[in-house]
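Reader: Hi, I'm in my first year and still getting used to looking at protein structures. Could you take one part and walk me through it closely?

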Amino acid sequence: TIPSNLAGLPAISVPYDLDQQKLPVGIQLIGSYMGETKLLQAAKVLQINSNFYQKRLLDKVLTHKNYN
């Protein structure tokens, strides 16, 4: 997000999925100048449709791991 911030553009990184080794994979979204509202709306839609948090919670329950 640093190059976007230097350019004055809003940016957000959204966790999306887990790879084969159970490591998180994210997607970075960059909005237009003063486009924070649309960017956050897009990030919310992406996050809701990714099921990332449900997968992580299920993995935690099944393996009894304590994620920090």
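Which residue in β2 does Val14 stand opposite? And could you show me how the rest fits around that spot?

Author: Sure! One thing up front: this is a predicted model. Your residue has a clear partner, as Val14 stands opposite Ile27 in β2.

Let's zoom out a little to the two strands. Strand β1 covers residues 11–18 and strand β2 covers residues 24–30, and the two pair in the antiparallel sense over 7 bridges. You can find another facing couple here too: Ile12 stands opposite Leu29 in β2. It's handy to keep a general point in mind while you look at these strands. In a regular strand, side chains alternate between the two faces of the sheet.

Now look at the turn. The hairpin of β1 and β2 has 5 residues between the strands, and one of its residues, Lys22, takes a positive phi near 70 degrees. Why point that out? Most residues other than glycine have a negative phi.

Next, back into β2, where you'll find Gly26. Skip its neighbours within four places in sequence, and Gly26 is in contact with Val14, Pro15 and Tyr16, so your Val14 turns up again. Gly26 and Tyr16 are 10 residues apart along the chain, yet their C-alpha atoms are separated by 4.9 Å. Gly26 counts as partly exposed because its relative accessibility is 47%, and the exposed class starts over 50%.

Let's go to the end of β1. Leu18 lies in that strand, and apart from neighbours within four places in sequence, Leu18 touches Leu23, Pro24 and Phe52. There's also a long hop along the chain to check: Leu18 and Tyr53 are 35 residues apart in sequence, and their C-alpha atoms are 10.0 Å apart in space.

The strands have company from the start of the chain as well. Helix α1 spans residues 2–6, and Ser4 is found in it. Leaving out neighbours within four places, Ser4 is in contact with Leu9, Ala11, Gln28 and Ile30. Ser4 counts as buried because its relative accessibility is 7%, and buried means under 20%.

Now follow the chain out of β2 and into the loop that leads to α2. Met34 sits in this loop, and its phi is near 65 degrees, a positive value in a residue other than glycine. With 60% relative accessibility, Met34 counts as exposed. Gly35 lies in that loop too, but Gly35 counts as buried, at 11% relative accessibility. If you trace from Gly35 back to Leu9, you cross 26 residues in sequence, while the C-alpha atoms of the two are 7.9 Å apart in space.

That brings us to helix α2, residues 36–50. It has 15 residues and reaches 21 Å from its first C-alpha to its last, close to the 21 Å expected at 1.5 Å a residue. Which of its residues are buried? They are Leu39, Ala43, Leu46 and Ser50. These four lie on the same side of α2, because they cover an arc of only 65 degrees around the axis. The general background helps here: an α-helix has 3.6 residues a turn, so residues three or four places apart point the same way. Flip to the face turned away from that buried side and you meet the exposed residues Thr37, Lys38, Leu40, Lys44, Ile48 and Asn49. Just after α2, Asn51 takes a positive phi of about 60 degrees.

Finally, here's the whole picture for context. The protein has 3 helices and 2 strands, and along the sequence they follow the pattern α-β-β-α-α. Of its 68 residues, 16% count as buried. The accessible surface comes to about 5400 Å², and 59% of that belongs to carbon and sulfur atoms. As for links along the chain, take the contacts with a separation of 6 or more: residues 24 or more positions apart account for 37% of them.

So, to come back to your question, start at Val14 and look across to Ile27 in β2, then trace the pairing of β1 and β2 in both directions.

Notes: Residues numbered from 1 in each chain as written. Predicted model: local features only at pLDDT ≥ 70, side-chain atom pairs only at ≥ 80, totals over all residues. Heavy atoms only, no water. Pairing = 2+ DSSP bridges. Buried < 20%, exposed > 50% of the residue type's maximum accessible area, 1.4 Å probe, protein only. Contact = heavy atoms within 4.5 Å. Areas by Shrake-Rupley, 256 points an atom, 1.4 Å probe, with all protein chains shown as cover. Expected span 1.5 Å × (residues − 1). Arc of directions from axis to C-beta.
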